[in-house]
Amino acid sequence: MTKEATLLPDTGEPGFGIYLHWPFCAAKCPYCDFNSHVRHVAIDQEAYVAAFLREITTMRTLSGARTVTSIFIGGGTPSLMKPETVDAILNGVARHWHVPDGIEITLEANPSSVEAERFRGYRSAGVNRVSMGVQALNDRDLKFLGRLHDVADAMKAIRLARDIFPRMSFDLIYARPGQTQDEWARELRQAIDLAVDHLSLYQLTIEEGTPFFGLHRNGKINLPDADTAAELYELTQDVTEAAGMPAYEVSNHAVPGAESRHNLTYWRYGDYAGIGPGAHGRLTSAGRKLATATERNPEAWLAMVSEQGHGMVEQDLLEREEQADEMLLMGLRLREGLDLARWRALSGRDLDPDREQFLLDQGFIERLGNSRLRCTQSGMLILDAVVADLAA
C-alpha cells in the first residue's frame, strides 16, 4: 500500500485512528511494562497476518464505515516484522476503511533491528513516519537501560530514517540515576540537532512488575528526587522551546505542524480501533463509546482470533461521566488544552467554579478565551492532581 502523497495537514479534529500492536521483542527492557514478549523461535508471521486481517474485519463491523486519519504500528518491536507483513496488514486496513492518500502512517523501530533494506520495504508498504526507541545518547546509560544498541547503531538508524522517511521521531528517557542538568542539556541539544521535527522525551519511571521495580525497592536504583526531576522537566521545556520544538503534550515536542497526528487522536479523545495482542481501543457505536481490549498473550490471542474472529477480552460501554473524565485527562495533557464545549456536551455540566478558580489562582491552569482550558507549565508537574480536582 504505497502512499506517496504529501502528508495531510492537521485539521484540529480528533480523527479516527488505527492502532496495530506487534508484541514481539528481541529482548525485554528492564523498565518496560508494555505488552512485549520475547520468543526464542521464529515467529510465524503469516499466521499473525491472517489473524490481524480477521480481527480487522471484526473491528470494522464495530466501528462502521469511517475515514482513517492515522495508522500507528506499535509494540513490542514492529521493526522485527518483514516488510511484506506490514504491507499485508496495511492493505487489510485499506480494504475495510477509507484510507486517504497523505495520512500519517507510523511504525516504531529499535535501532538494533534497523536495516536499510527493511526500512525501504516499510516505506514501499506505505509507512511515512518512523518513531525510534533511541532512549539515550551515551553507551553507559544504554547499557543500564538494557538496550541492545549502542550510540553508533542509533546514529546509523537516525541517518537512515532521515534519508528514507518524510517524517521521523525518536524517544529519549531522562531523569536517569546520577544525571545532572548539564549532562541532560548537552544530550538534549544533541538530540535536537539530530532530529528532523519531533522528539518524545520521557522521565524514567519505575513500573510495578518490571525488573527495575525490584531493584529500586531494594535500593539498587536511585532516581532523582522530586525537586531534581521537576528541574529536569523545566529544563527540557526551556531547551526545546528555544530550539523551536516546543512541547505540544506533556512529553512530546515538535516543530509546529509536525505533531504526531495519531497521538493527537488519543489526546483529543477521538475514536481508534486497537488491533493485535494487548491492543486497546475506543469506538463509538450506536452513539455509545465502547472501550475494547484484546488478549495480551500472543499465542492465546492467535487462538482466540482463529476461533471467534477476534481476541477481545473487554468490550465495555462507557457511561457519559466516564467518557468526560477520560476527555478531561487527555485534553489537559495538550498545550492546546481541553475543548470545553465538547466536554460540557459530553458531561452535561460545567466545571465546578470554585475548584476552577482555586487552580487559576494557584497558576496551575489558564483559560484560552472562553473555549479552552489548559494546564500551565507548573500545572503539568502535578497534572494528575489537577485532573482529579477538576473531575471531582
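Over the ring of which residue does the charged end of K289 sit? In this predicted model, the ring in question belongs to Y269, and the charged end of K289 lies 4.4 Å from its centre.

Let me stay with the surroundings of K289 for a moment. Strand β12, residues 280-285, and strand β13, residues 288-294, run antiparallel and are joined by six bridges. One facing pair in this arrangement is H280 with A293, the latter in β13. The two strands make a hairpin with two residues between them. A286, in that turn, has a positive phi of about 55 degrees. For context, most residues other than glycine have a negative phi, and most peptide bonds are trans.

That brings me to other backbone exceptions. Q135 is not a glycine, yet its phi is positive, at about 75 degrees. Q135 belongs to strand β6, residues 129-135, and with a relative accessibility of 8% it counts as buried. A175 is a further residue other than glycine with a positive phi, in this case near 60 degrees. A175 is placed in the loop between β7 (167-174) and α6 (181-194). Its relative accessibility is 3%, so A175 also counts as buried, the cut-off being under 20%. The peptide bond between G75 and G76 is cis, with omega about 25 degrees. G76 is located in the loop that runs between β4 (70-75) and α2 (83-96).

I turn now to the domain annotation. An unreviewed UniProt entry places the feature "domain: Radical SAM core" at residues 10-246. Across residues 10-246, the chain is 43% helix and 19% strand. The C-alpha atoms at the two ends of this range are 17 Å apart.

Next, the interior. In soluble globular proteins, nonpolar side chains tend to be buried together. Here the largest nonpolar core has 101 residues, and the members that touch the most others are I18, L20, I71, W97, F119, M132 and F170. Which helix supplies the largest share of this core? Helix α5, residues 151-164, does so, with eight residues. To take one of the well-connected members, F119 touches A109, V114, V130, M132, A157, L160, A161, I164 and F165, leaving aside residues up to four places away in sequence. Another core, of 11 residues, lies apart from the largest one, and its members include Y19, F72, Y248 and L264.

The aromatic residues deserve separate mention. A search of the whole structure gives 15 aromatic pairs. In one of them, the ring centres of W22 and F24 are 5.4 Å apart and the planes stand at 70 degrees; the pair is therefore edge-to-face. W22 and F24 are both buried. By contrast in geometry, Y174 and W184 form a stacked pair, with 4.8 Å from centre to centre and 10 degrees between the planes. Because Y174 lies in strand β7 and W184 in helix α6, this pair ties together parts that are 10 residues apart in sequence. Y174 and W184 are buried as well. There is also a cluster: ring pairs link W22, F24, Y48, F52 and W301.

My next topic is a sheet further along the chain. Strands of a sheet pair through backbone hydrogen bonds, either parallel or antiparallel. In what order do the three strands of this open sheet run? The order is β15-β17-β16, and the pairing is antiparallel. The edges are held by β15 (338-339) and β16 (365-368); each has a single partner strand, so one side of each is left without a neighbour in the sheet. The pairing of β16 with β17, residues 372-375, is antiparallel and extends over four bridges. Within it, E366 stands opposite R374, which is in β17.

Finally, a remark on P100. Is P100 buried or exposed? At 17% relative accessibility, P100 counts as buried, and its place is the loop between α2 and β5 (104-109). P100 and Q362 are separated by 262 residues in sequence and by 45 Å in space, taken from C-alpha to C-alpha.

To close where I began: the charged end of K289 sits over the ring of Y269, and β12 and β13 form a hairpin with A286 in the turn.

Note on methods. Residues numbered from 1 in each chain as written. Predicted model: local features only at pLDDT ≥ 70, side-chain atom pairs only at ≥ 80, totals over all residues. Heavy atoms only, no water. Pairing = 2+ DSSP bridges. Core = buried A, V, L, I, M, F, W, Y, C linked by side-chain atoms within 4.5 Å. Buried < 20%, exposed > 50% of the residue type's maximum accessible area, 1.4 Å probe, protein only. Contact = heavy atoms within 4.5 Å. UniProt positions renumbered as here; feature names shortened; annotations may be inferred. Phe/Tyr/Trp six-rings, centres within 6.5 Å; stacked < 30°, edge-to-face > 60°. Lys NZ or Arg CZ within 6 Å of the ring centre and 35° of its normal.
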